[in-house]
Amino acid sequence: SYLVLPQVTTVAYVNLMLRLMKKLNIPLDVELSPSLTVDTAVSTAESFGFNDHRVQILWNPNIARPRDAVYGRKSPFRIIGQYVGKKLARNAKANALGIPPIHQPVAGANHPFTARGIEPNPIITLDEDALERLAKAKINVVQRIRYSVGTFFVVSDGLTQYNHATSALRLVNAAEITVYTENMLINICHRHLL
């Protein structure tokens, strides 16, 4: 259902994942290193030039303790495993026809992230200017947001890497719906052709 690139390290790996994504026609979730600064996160996302509605970039500029630690130093950590787990848990709630609720984005107060002692990284400032630059680079930032039901660490946006100002394919759940529908139609055609 999904391809995941937990580290953006070399162009060769990125190109391989993009070829797989296109061949299988499934979403690709990419995570930038949590130790990057705002400037390097933006430049990294822009340098790869994904420009595809199936690609989503996540960045977690927060720190936390290791999973089983009660005390100790907090450090940057990756979030892609929790994110994909939340997507799969959402998809497991399929209706009677077997269609998952992919119209619901895995973002916001309904899908908070948890980690031991999670807090914003004090060396990274996410002011309005930084958030605007990250949004222009279509990077989905995990940040602390206050809702009427509480304060949670959530994916603040649900943007794909599609470079179009008004298309619905800019949104992760719209892109998932498109990919799911295309693949279902292809399966139906294959079944009837054979």
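Ile57 has a bridge partner in strand 7, and that partner is Ile139. The link belongs to a set of 3 bridges that join strand 3 to strand 7, two strands that run parallel. This is a predicted model, so please read what follows as computed from it. From this pair we can move out to the sheet, then to the cores, a helix residue and the cavities.

**The sheet**
- Strand 3 and strand 7 sit in an open sheet of 5 strands, ordered 1-2-3-7-8, with mixed pairing.
- At the edges are strand 1 and strand 8 (150-155), each of which pairs on one side only.
- From one strand to the next, the twist averages 25°.

**The nonpolar cores**
- Ile139 turns up again here: along with Leu28, Val30, Leu32, Trp59 and Leu134, it is one of the residues with the most contacts inside the largest nonpolar core, which has 26 residues.
- Both strands and helices feed this core: strand 1 (3-5), strand 2 (28-31), strand 3 (55-59) and strand 7 (139-147) give two or more residues each, as do helix 1 (11-24), helix 2 (38-48) and helix 4 (128-136).
- Another core lies apart from it, with 14 residues that include Ala64, Val106, Ile118 and Val142.
- As general background, nonpolar side chains in soluble globular proteins tend to be buried together.
- What does Val30 touch, not counting residues up to four places away in sequence? Its partners are Leu5, Val8, Phe50, Val55, Gln56, Ile57, Leu58 and Ile80, so Ile57 from our opening pair is among them.

**Val84 in helix 3**
- Val84 lies in helix 3, which spans residues 80-91.
- Is Val84 buried or exposed? Val84 counts as buried because its relative accessible area is 14%, and the cut-off for buried is under 20%.
- Leaving aside neighbours within four places in sequence, Val84 is in contact with Val4 and Asp29.
- Val84 and Leu159 are 75 residues apart along the chain, and their C-alpha atoms are separated by 16 Å.

**The cavities**
- The model holds 2 cavities of 30 Å³ or more, and the largest has a volume of about 60 Å³.
- Asp29, the contact of Val84, is also one of the residues lining the largest cavity.
- Others in that lining include Pro27, Leu28, His53, Arg54, Gln56, Lys87 and Thr160.
- Strand 2 and helix 5 (172-193) are the elements that give two or more residues to the lining.
- Which element gives the largest share of the lining of the largest cavity? That is helix 5, with 4 residues; the lining includes Val172, Ala175, Glu176 and Val179.

Notes. Residues are numbered from 1 along each chain as its sequence is written. This is a predicted model: local features need pLDDT of at least 70, side-chain atom pairs count only at pLDDT 80 or more; totals for chains, interfaces and linings use all residues. Side-chain values use heavy atoms; hydrogens and water are left out. A nonpolar core is a set of buried Ala, Val, Leu, Ile, Met, Phe, Trp, Tyr and Cys residues joined through side-chain atoms within 4.5 Å. Buried means under 20% relative accessible area, exposed over 50%, partly exposed in between (1.4 Å probe, protein chains only). Contact means heavy atoms within 4.5 Å. Two strands pair if DSSP finds at least two bridges between them. Axes are lines fitted to C-alpha atoms, for helices over the stretch in contact, and angles run from 0 to 180 degrees between N-to-C directions. On a 1 Å grid over the protein atoms alone, a cavity is a set of points where a 1.4 Å probe fits but cannot get out, and a pocket is an open set with protein on both sides within 12 Å along at least five of seven lines; lining residues have an atom within 4 Å of a point. Grid points are joined across faces, edges and corners, and a volume is the space filled by probe spheres set on the points.
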